[in-house]
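User: Got a minute to walk through a model with me? I'd like to go residue by residue where we can.
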Amino acid sequence: MRAGYYQPKRSRSGFSLIEVMISGFLLVLLAVFAADLCLLIFGCSVNDKCCRDVVRAAAQQPNAIKALQFAQASVKIIRQMAHLSLQLHLLAIP
């Protein structure tokens, strides 16, 4: 160190605060992305189950007209069940 040259010690707490803020922001983004991904997977599984049930109902019919009628009836029933289920879940939330 040269004579007469003074270098004050700096606090690094400002950098720590910035690191915590950036890390927190990234963790929030990651949590939102994970929740979105979970909802997407849940929606795909529900859609897959509904489509499978409709196709099974239609496949058991002897002709195309009855198959279409049974498929439409199955979709209507599934929609009513989903609407009722959604209402029950909303009522259960405090």
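User: Which helix does S74 lie in?
Analyst: S74 is in helix α2. Keep in mind that this is a predicted model.

User: And is S74 buried or exposed?
Analyst: Buried, because its relative accessible area is 14%, and the cut-off for buried is under 20%.

User: What does S74 touch, leaving out residues up to four places away in sequence?
Analyst: With those left out, S74 touches V54 and A57.

User: V54, hm. Which residues make up the largest nonpolar core?
Analyst: That core has five residues: V54, A58, A67, A71 and I78. The elements giving two or more residues to it are α1 (13-59) and α2 (64-92). The largest share, three residues, comes from α2.

User: Ok, take A67 from that set. What does A67 touch?
Analyst: Not counting residues up to four places away in sequence, A67 touches A58 and Q61. A58 is also one of the core residues.

User: Where does Q61 lie, then?
Analyst: Q61 sits in the loop between α1 and α2.

User: Loop glutamine, fine. Why does Q61 get called buried?
Analyst: Because its relative accessible area comes to 19%, and buried means under 20%.

User: What does the side chain of Q61 reach?
Analyst: The backbone oxygen of A57, at 3.3 Å. A57 came up before, as a residue that S74 touches.

User: And which residues does Q61 touch, with the usual sequence neighbours left out?
Analyst: Not counting residues up to four places away in sequence, Q61 touches K66, A67 and F70.

User: Switching topic: which residues form the nonpolar patch on the surface?
Analyst: F15, I18, I22, F25, L26 and L29 form that patch, and together they have about 630 Å² of accessible area.

User: Pick L29. Where is L29 found, and what is its relative accessible area?
Analyst: L29 is found in helix α1. Its relative accessible area is 44%, so L29 counts as partly exposed; that class runs between the 20% and 50% cut-offs.

User: Zooming out, how many helices and strands does the protein chain have?
Analyst: Two helices and zero strands.

User: What share of the protein chain counts as buried?
Analyst: 9% of its 94 residues. S74 and Q61 are buried, as we saw.

User: Last one: how much area does the protein chain expose, and what do carbon and sulfur atoms supply?
Analyst: The protein chain exposes about 8,900 Å², with carbon and sulfur atoms supplying 69% of that.

Note on methods: Residues numbered from 1 in each chain as written. Predicted model: local features only at pLDDT ≥ 70, side-chain atom pairs only at ≥ 80, totals over all residues. Heavy atoms only, no water. Core = buried A, V, L, I, M, F, W, Y, C linked by side-chain atoms within 4.5 Å. Buried < 20%, exposed > 50% of the residue type's maximum accessible area, 1.4 Å probe, protein only. Helix = DSSP H or I, 4+ residues; strand = E, 2+ residues; numbered from the N terminus. Contact = heavy atoms within 4.5 Å. Polar contact = N/O pair within 3.5 Å; in protein donor to acceptor, adjacent residues only side chain to side chain. Patch = residues over 30% accessible without salt bridge, like charges linked within 9 Å, V, L, I, M, F, W, Y side chains within 5 Å. Areas by Shrake-Rupley, 256 points an atom, 1.4 Å probe, with all protein chains shown as cover. Salt bridge = Lys/Arg side-chain N within 4 Å of Asp/Glu carboxyl O.
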